[in-house]
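Here are my comments on the model you sent, set out as numbered points. They deal with how the helices pack and with the charged side chains.

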Amino acid sequence: MKDPIIERMAALLHREWPLRMRALLSTAPISKLSKGRWSALLVPYKHLTQDQKDKDRRLARRLREAVRARSGQEMQQEPEHLVEADVA
């Protein structure tokens, strides 16, 4: 079963990533191959492949653990209506 907090965090992280990537792709000297590969990922989270979603989930888990370690507290689970918005 998927962790709803991790899914929400992964979707939010992915939502921010294209903003940075579009700026980078338009200004940085990046090969056409890399630009093409990265441009294919500039889609909403729900349209990513499972492999790509897993990468976002791994980052979300690392961030959650960093927050827990820093705060010394368990994070509370979000209400379901906040979890499913971008994930499906």
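**Notes on helix packing and salt bridges**

1. The crossing of α1 and α2 is left-handed. By class, the residues that make the contact of α1 with α2 are 5 nonpolar, 1 polar and 1 charged. The model is a predicted one, and the points below should be read with that in mind.

2. As for the geometry of this pair, helix α1 spans residues 4-27 and helix α2 spans residues 32-39, and their axes come within 11 Å of each other while crossing at roughly 160 degrees. Because the cut-off for calling a pair roughly antiparallel is an angle over 145 degrees, α1 is described as roughly antiparallel to α2. On the α1 side the contact involves Trp-17, Met-21, Leu-24 and Leu-25, which meet Lys-35, Trp-38 and Ser-39 in α2.

3. The overall layout can be stated briefly: the protein has 4 helices and 0 strands, and along the sequence these follow the pattern α-α-α-α. Of the 88 residues in the protein, 28% are buried. Among contacts with a separation of 6 or more, 68% are between residues 24 or more positions apart.

4. The packing of α1 against α3 has another geometry to consider, with the axes 8 Å apart and an angle of about 110 degrees. These two helices are therefore roughly perpendicular to each other, since angles of 65 to 115 degrees fall in that class. From α1 the contact draws on Ile-5, Ile-6, Glu-7, Met-9, Ala-10, Leu-13 and His-14, while α3 supplies Asp-56, Arg-57, Leu-59, Ala-60, Arg-61, Leu-63 and Arg-64. Sorted by class, the residues in the contact of α1 with α3 comprise 8 nonpolar, 1 polar and 5 charged.

5. Which residues does the salt-bridge network link? Glu-7, Asp-54 and Arg-57 are the residues joined in it. Within this network, the side chains of Glu-7 and Arg-57 form a salt bridge with an N to O distance of 2.3 Å. That pair connects distant parts of the chain, with Glu-7 in helix α1 and Arg-57 in helix α3 (residues 50-71), 50 residues apart. Both Glu-7 and Arg-57 also appear in the list of residues through which α1 and α3 make contact.

6. The other link in the network is a salt bridge between Asp-54 and Arg-57, in which the closest N and O atoms are 2.6 Å apart. Because Asp-54 and Arg-57 are 3 residues apart in helix α3, about one helical turn separates them.

7. Are the members of this network buried or exposed? Glu-7 and Arg-57 are both buried, and the relative accessible area of Arg-57 is 5%. Asp-54, by comparison, has a relative accessibility of 29% and so counts as partly exposed, because buried requires a value under 20%.

8. A search of the whole structure finds 4 salt bridges, and one of these joins the side chains of Glu-65 and Arg-68, with an N to O distance of 3.1 Å. Glu-65 and Arg-68 both belong to helix α3, where they lie 3 residues apart, or about one turn of the helix. Glu-65 has a relative accessibility of 43%, and therefore counts as partly exposed.

Conventions. Residues numbered from 1 in each chain as written. Predicted model: local features only at pLDDT ≥ 70, side-chain atom pairs only at ≥ 80, totals over all residues. Heavy atoms only, no water. Axes fitted to C-alpha atoms, helices over the stretch in contact; angles between N-to-C directions. Parallel < 35°, antiparallel > 145°, perpendicular 65-115°, else oblique. Left-handed = near helix turned anticlockwise from the far one by under 90°. Contact = heavy atoms within 4.5 Å. Nonpolar A, V, L, I, M, F, W, Y, C, P; charged D, E, K, R; others polar. Buried < 20%, exposed > 50% of the residue type's maximum accessible area, 1.4 Å probe, protein only.
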